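I opened my notebook to look through a new model, one entry at a time. Come along and check each entry against the picture.

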Amino acid sequence: MSLVVVNAGEVSILELLFNKRAVFDTTLHLFTSNTTPSETDTFASYTEATYVGYSSLIITGTDWTITPGNPTQAVATQQVYTAGGPGLPETIFGYLICRGNPGHPLLWAERFTNGPYTLLQAGDAIKITPKFTGE
Amino acid sequence: MTLLVPNAAEDVMLQNILNKTAPQNQTLKLFKNNITPAETDTEATYTEADFTGYVPIALTGASWTITPGNPTSAAAAEQTFTSTAVQSQNVFGYYVVQTTSGKILWAERFTNGPYLVQNNGDLVKVTPQFTGE
């Protein structure tokens, strides 16, 4: 499905655009709750993955490539989560992009269109290429 | 009409959002050429007003009030441009640029414009508002 920029994420983005807030890198998280993203969501609306070896990933400005056009698109380098041993299987329903701040303020969320994906054994991997399109 | 964020501005905004370039304060300007904002516009597309008394207006972070909701909106206080002479110039709309880079962020043509600035003391008032969705 399409990503959903949550209301709180819109606030963060507008505060940033209008120079009311310091810049921030973003963090990428996987969620295991069977949640369909909606406008009123926060980070607490989701359950984050917990398998051994999991940690959120930091996406910095240099990870993004922005291509002007109609629409303008930002695409980050592919991010890879690789499962460790214990804690499996774990089923992943989608991902979250948050501000890299304490509490992980949520910017947007996307449920995998053809998911969920289940990590069954060590070495299984989920690969995400974050993309954000202006219009 | 509704404001328009051209492609070049989407580029700037995404760079700001994703921490590739730092956000900046903005400058509010009036334009005097008879154009309708379009996706392929740049700041050079607009001819800035130059009637006597015209001064572009600086907008800082503190100028904006952001109201969460569906949609979330950002609004600044009403901004006033004042004519200080008898003259004749039409203004067709306004545009907002980044103060340092000069790059366009968005433009809007006045729905019921243009407004003719002709008297000493004529005012053009703009209340900038930007809505997320």
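**Entry 1: two rings in chain A.** I began with A:W108 and A:F132, and I found both of them buried. The model is predicted, so I keep in mind that side-chain atom pairs count only at pLDDT 80 or more. How are the rings of A:W108 and A:F132 arranged? They form a tilted aromatic pair, with 4.3 Å from centre to centre and 40° between the planes. I noted "tilted" because 40° falls between the cut-offs, which are under 30 degrees for stacked and over 60 for edge-to-face. Next I looked up where the two rings sit: A:W108 is in strand β9 (residues 106-111) of chain A, and A:F132 is in strand β12 (residues 131-133) of chain A. The pair therefore ties together parts that are 24 residues apart in sequence.

**Entry 2: a pair across the chains.** I then looked up the total and got 18 aromatic pairs over all chains. One of them joins A:F18 and B:W106 edge-to-face, at 5.7 Å centre to centre and with 85° between the planes. This pair crosses between chains. On one side, A:F18 belongs to the loop between α1 (7-17) and β2 (26-31) of chain A. On the other, B:W106 belongs to strand β8 (residues 104-109) of chain B. Are these two rings buried or exposed? A:F18 counts as buried because its relative accessibility is 2%, which is under the 20% cut-off. B:W106 has 0%, so it counts as buried too. I also saw that ring pairs link A:F18, B:W64, B:W106 and B:F130 into a cluster.

**Entry 3: a charge and a ring.** What sits over the ring of A:F24? I found the charged end of A:R99 there, 5.8 Å from the ring centre.

**Entry 4: one asparagine.** I looked for A:N7 and found it in helix α1 of chain A. A:N7 has a relative accessible area of 12%, so I wrote it down as buried. Which residues does A:N7 touch, leaving out those up to four places away in sequence? My list has A:E39 and A:T40 from chain A, and B:G69, B:N70 and B:T72 from chain B.

**Entry 5: a strand with two faces.** Strand β11 (residues 125-128) of chain A has side chains that alternate. A:I126 and A:I128 point to one face and are buried, while A:A125 and A:K127 point to the other and are not. I checked the pairing as well: four bridges join β11(A) to strand β6 (residues 79-82) of chain A, and the two run antiparallel. Opposite A:I128 I found A:Q79.

**Entry 6: each chain as a whole.** Chain A has one helix and twelve strands, in the order β-α-β-β-β-β-β-β-β-β-β-β-β from the N terminus. Its radius of gyration is 15 Å, close to the 14 Å from the globule rule for 135 residues, so chain A is as compact as a globular protein of that length. Buried residues make up 48% of chain A.

For chain B I noted one helix and eleven strands. Along the sequence, chain B reads α-β-β-β-β-β-β-β-β-β-β-β. Its radius of gyration of 15 Å agrees with the value near 14 Å for a compact globule of 133 residues. In chain B, buried residues make up 47%. I closed with its accessible surface, about 5,800 Å², of which 49% belongs to carbon and sulfur atoms.

Methods. Residues numbered from 1 in each chain as written. Chains lettered and ligands numbered in written order. Predicted model: local features only at pLDDT ≥ 70, side-chain atom pairs only at ≥ 80, totals over all residues. Heavy atoms only, no water. Phe/Tyr/Trp six-rings, centres within 6.5 Å; stacked < 30°, edge-to-face > 60°. Buried < 20%, exposed > 50% of the residue type's maximum accessible area, 1.4 Å probe, protein only. Lys NZ or Arg CZ within 6 Å of the ring centre and 35° of its normal. Contact = heavy atoms within 4.5 Å. Pairing = 2+ DSSP bridges. Rg over C-alpha atoms; globule rule 2.2 N^0.38 Å. Areas by Shrake-Rupley, 256 points an atom, 1.4 Å probe, with all protein chains shown as cover.
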